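User: I would like a close look at a single part of this model. Please keep the answer plain and connected.

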Amino acid sequence: MGGSYQQEVDLLSLFKDVASDYVQMITVPEQLPNVLDRAMRIAMTRSAPTAIIIPNDVQELDYTPPAHEFKMVPSSLGISRPSTAPDDEALQRAADILNAGEKAALLVGQGARGAVAEVTETVDLLGAGVAKALLGKDVLSDELPWVTGSIGLLGTRPSYEMMQDCDTLLMVGSSFPYTQFMPELDQARAVQIDLDGAMIGMRYPFEVNLVGDAATTLRALIPLLHRKEDRSWQESLTSKVADWWETMDAEAQVTADPVNPMRVFSEFSRHAPADAIVTSDSGSSANWYARQVRMRGSMRGSLSGNLATMGPAVPYAIGAKFAHPDRPAVAFEGDGAMQMNGLAELITISRYWREWADPRLVVAVLHNNDLNQVTWELRAMGGTPKFVESQALPDVSYADFATSIGLDALTVTDPDDLASAWQTALGADRPFVLDVHCDPDVPPIPPHATLEQMTSMAKALIKGDTSRWGVIKEGLKTKVQEALPHSNDDS
């Protein structure tokens, strides 16, 4: 090493950014137990990736455990974790803020996953609504009437409006970074609960920052909260949520050429097993996952977080099947990610699926021959028309590839076939690929798109976007659904 030999790469530097909490190289066998144990404990304690590098020549050495000698560092097995809760004075200050407000909003993330009962009781006491950070989408069921759904660029209108109108904010188990989707800085009094003292208080001017486990801290806080007698704030939120789901259903039914991608997710939600594990890729898949998939029962869901990495959906689903071989898994994947690594991962699925108690793993491919999310970002953020040379993808039959390696598959080109396609895929006796030919012109524009974003997109179309007429047509048909009255409107 250090001699510029074939395939020599500075792996410590390569992994340092993504595994910044812990990345080490093994150079002698006695080093291995401590480094391995520490890497695992840091990964579990900090919920962070770690990396261990074992050079080839070290792998060939005979193992020798660390001894009771100078420079030797042993380790031990097992760990008992305490329940961390804040002090009584801080709890009372937090309760005073929450009791004083009239329009309370909660924002929960994946750190609240073990505190569903406590969050629910807090919401009932405060007469609040709850928005979910994307990694916390599965924390609460979307069947709860006061759950406003996802928040942020991929979020819902009820979440956006709740944050605009609230006077009190309680953030639990999340480091949601997009402050522009939270209340104005002088609008709401705010409290945060988080286990990570290094990140708490770093996203908003919180008045009280409670370091502690979400469930333990909420259990200590609940006896100090006063039940709000006026439920008008919560009732207005539940009305908006009901109307939002009506709008999402209507947008999914908008005709497209050939299939509206929103309908792929909408139909899945109607047929999803209550114990399904759902994964989504980054890109346009994440847009529809965030807004169209309704979590319920014991469903779990995940996708790439802050890194917004392409290609994790199928590997995440494979990992889910090894962790829970008795549960069905569903991966939503764009065709760009499918060509990048998804096709290769189908081979992995083909190799291992017979080991799973429940063989169901469905990969739904949004087949539009376009790197669609970046195409829309170019339009909305840069005012740049679609750059075909960089965005267009070669046409591939993902269904044919799947059947060639022993999996089942269907190609869907008619939206009316989606319901039966999902029923077939979720009832199959082996992993299944749904190759759905989607319209790239259906806009993933959020319901709270800014004037600047809309102006940029208009400029992109004027400059000669090759899909401008399709974009205009589908955009108008989709956005008009937000203006039309639905059965839950107050008007």
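Which residues does Ser 269 touch, not counting residues up to four places away in sequence?

Analyst: This is a predicted model. Leaving aside residues up to four places away in sequence, Ser 269 touches Gln 292, Val 293, Arg 294 and Arg 296. Ser 269 itself sits in helix α9, which spans residues 261-271. Its relative accessibility is 10%, and because buried means under 20%, Ser 269 counts as buried.

The surroundings of helix α9 include a sheet. Six strands make up this open sheet, with parallel pairing, in the order β10-β9-β11-β12-β14-β13. Strands β10 (300-303) and β13 (408-412) are the edges, each pairing on one side only. From one strand to the next, the twist averages 15°. Helix α9 packs on this sheet and touches β9 (277-280), β11 (329-334), β12 and β14; the direction of α9 makes about 175° with that of β11.

Two of the strands that α9 touches, β12 and β14, also pair with each other. Strand β12 covers residues 361-367 and strand β14 covers residues 432-437, and they pair in the parallel sense over six bridges. Within this pairing, Val 363 stands opposite Val 433 in β14. A further helix, α16 (residues 418-426), packs on the sheet as well, touching β11, β12, β13 and β14, and its direction makes about 165° with that of β14.

Some charged pairs can be added to this picture. Side chains of opposite charge can pair when their charged atoms come close. The side chains of Asp 429 and Arg 430 meet in a salt bridge, with an N to O distance of 3.5 Å. Arg 430 has a relative accessible area of 24% and is partly exposed.

Another salt bridge joins the side chains of Arg 157 and Glu 161, at 3.6 Å from N to O. Both residues lie in helix α6 (residues 157-165), four residues apart, about one turn of the helix. Arg 157 counts as partly exposed, at 29% relative accessibility. Arg 157 and Glu 161 also belong to a network of salt bridges that links them with Asp 165 and Lys 240. In total, the structure has 19 salt bridges.

The structure holds zero disulfides. Among its cysteines, Cys 166 counts as buried at 2% relative accessibility, and Cys 438 counts as buried at 4%.

Note on methods. Residues are numbered from 1 along each chain as its sequence is written. This is a predicted model: local features need pLDDT of at least 70, side-chain atom pairs count only at pLDDT 80 or more; totals for chains, interfaces and linings use all residues. Side-chain values use heavy atoms; hydrogens and water are left out. Buried means under 20% relative accessible area, exposed over 50%, partly exposed in between (1.4 Å probe, protein chains only). Contact means heavy atoms within 4.5 Å. A disulfide is a pair of cysteine sulfur atoms within 2.5 Å. Two strands pair if DSSP finds at least two bridges between them. Axes are lines fitted to C-alpha atoms, for helices over the stretch in contact, and angles run from 0 to 180 degrees between N-to-C directions. A salt bridge is a side-chain nitrogen of Lys or Arg within 4 Å of a carboxyl oxygen of Asp or Glu.
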